[in-house]
Amino acid sequence: MMDQAANLRKLASRSRGTRPQPELVEVAKPAKATRFIAVASGKGGVGKTNFAINLGILFAREGKRVIVMDADMGLANVNVILGVIPKFNLYHVIKGQKRLSEIIIDTPQGIRIIAGASGFSKLANLTEEERLRFVDSMMELGEADIVIIDTGAGVSRNVLSFVLPADEAIIVTTPEPTAITDAYGIIKAISAETGQVTIKLVVNRVSSIHEGKQVAERVINIAGQFLNVRVENLGMVFQDEAVSESVMKQRPFVIAAPKSRATECVDHIAKRLLGMQITPKSRGFGGFIKNFLSVYKED
Ligand SMILES: Nc1ncnc2c1ncn2[C@@H]1O[C@H](COP(=O)(O)OP(=O)(O)OP(=O)(O)O)[C@@H](O)[C@H]1O
Ligand SMILES: [Mg+2]
């Protein structure tokens, strides 16, 4: 079986000609099933970042080594919600000024974060060298059990390049018709490109269980009917003032409001996700890198 190093070397030499890449060999680690979970949405502002961070904290409480990576190249704000001021972010990695391992920040909440390159919207326009350097750096994420990737809204190539190689894509929507339509839009975009990432749905800001179920059913049925795509219902999160209050306090709600309905809901979802076996279908770390490269190659 081809190991990750061989895989990466092959991919690297394919895109750079036949020049050997000794530095890539150095960072290669034994294959390990790091689980990549991308959080995405069609419409903006539906609660992705808050969900991603709080989910990560709950995973960490279960003993998982978690990295939350802010892949929103437009309005990066994972660090803002955590009240952390990063010195360096993904921009410095892309520009080759830092390695990913040097910019990973430990937080008091038990997760580690990678701050986003705010205002750097042209990830797809990286030079070949920058792109390979970035992918090479991503090998360092293999230290984590779970990497949660918080993406920007919409179906841009930037977003898809993080969603498509992941093991799971959690699509967040709210009950608003516009959010539902846009959730369908991103599911369509994902399904048009790959049949491999498992698509899951979270309905955020619901006012009742009935509403949450209805919205989920609608999205799942439409995706099944028109796209022939299976979307798994992960659950719902209630509309809860504790969320906006926690954003104001820059303290994640699972910590600031442990007894809130929002915390209870995300806890339920975290447990459901952890209860899930990582089947051989999970492509793990090497798979993520390989697919990350192939997504770019399609540009
Ligand atoms: N369950 C909830 N209950 C109440 N308010 C919520 C809930 N979830 C999110 N919000 C509100 O929505 C705002 C936006 O949330 P968040 O930043 O997580 O969304 P996003 O999808 O990451 O946005 P963007 O698309 O801009 O990245 C929060 O600041 C909060 O006020
Ligand atoms: Mg966000």
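How many of the five residues of β2 are buried? Five of the five are, so β2 is largely enclosed by the rest of the structure. The legends below describe a predicted model.

**View 1. The whole chain holds 14 helices and eight strands.** The protein chain has 299 residues, and 47% of them are buried. Many contacts span long stretches of sequence. Among contacts between residues at least 6 apart, 77% join residues at least 24 apart.

**View 2. Confidence varies along the chain of this predicted model.** The mean pLDDT of the protein chain is 83. Of its residues, 78% reach 70 or more. Residues 1-31 stay under 50 in pLDDT. For that stretch the model has 38 contacts beyond four places in sequence. Residues 276-281 are also below 50. Beyond near neighbours in sequence, residues 276-281 have two contacts in the model.

**View 3. Eight strands form an open sheet with mixed pairing.** Read across the sheet, the order is β3-β4-β2-β5-β1-β6-β7-β8. Which strands stand at the edges? They are β3 (105-106) and β8. Each has a single partner strand, so one side of each is left without a neighbour in the sheet.

**View 4. Strand β2 (residues 66-70) is covered on both faces.** In a regular strand, side chains alternate between the two faces of the sheet. On one side of β2 lie V66, V68 and D70. On the other lie I67 and M69. Every one of these five residues is buried.

**View 5. Strand β2 pairs with β5 and with β4.** Five bridges join β2 to β5 (residues 146-150), and the two strands run parallel. V66 stands opposite I146 in β5. M69 faces I149, also in β5. The pairing of β2 with β4 is parallel too, over three bridges. Here V68 is opposite I113 of β4.

**View 6. P108 sits in the loop between β3 and β4 (112-114).** Is P108 buried or exposed? P108 is exposed, because a residue with 12 or fewer other C-beta atoms within 10 Å counts as exposed, and P108 has 10. L82 is 26 residues away from P108 along the chain. The C-alpha atoms of P108 and L82 are separated by 9.2 Å.

**View 7. Strand β7 (residues 198-206) is mostly covered.** Eight of its nine residues are buried. Strand β6 (residues 168-173) runs parallel to β7, and six bridges join them. T173 has V203 of β7 as its bridge partner. Seven bridges link β7 to β8 (residues 231-238), again in parallel. L201 stands opposite N233 in β8. How does the chain get from β7 to β8, and what lies between? It crosses through helix α10 (residues 209-227). This β-α-β crossover is right-handed.

**View 8. Ligand 1 is surrounded by 21 residues.** Which residues are closest to ligand 1? They are G44, G47, K48, T49 and S244. Three elements give two or more residues to the shell: α3 (48-61), β7 and α11 (241-249). By class, the shell has seven nonpolar, 10 polar and four charged residues. Strand β7 therefore appears in two of these settings: β7 is mostly buried, with eight of nine residues covered, and β7 is among the elements that contribute to the shell around ligand 1.

Key. Residues numbered from 1 in each chain as written. Chains lettered and ligands numbered in written order. Predicted model: local features only at pLDDT ≥ 70, side-chain atom pairs only at ≥ 80, totals over all residues. Buried ≥ 20, exposed ≤ 12 C-beta atoms within 10 Å, placed from the backbone. Helix = DSSP H or I, 4+ residues; strand = E, 2+ residues; numbered from the N terminus. Pairing = 2+ DSSP bridges. Right-handed = clockwise from strand over helix to strand, strands pointing away. Near = placed C-beta within 6 Å. Nonpolar A, V, L, I, M, F, W, Y, C, P; charged D, E, K, R; others polar. pLDDT = per-residue confidence, 0-100. Contact = placed C-beta atoms within 7 Å.
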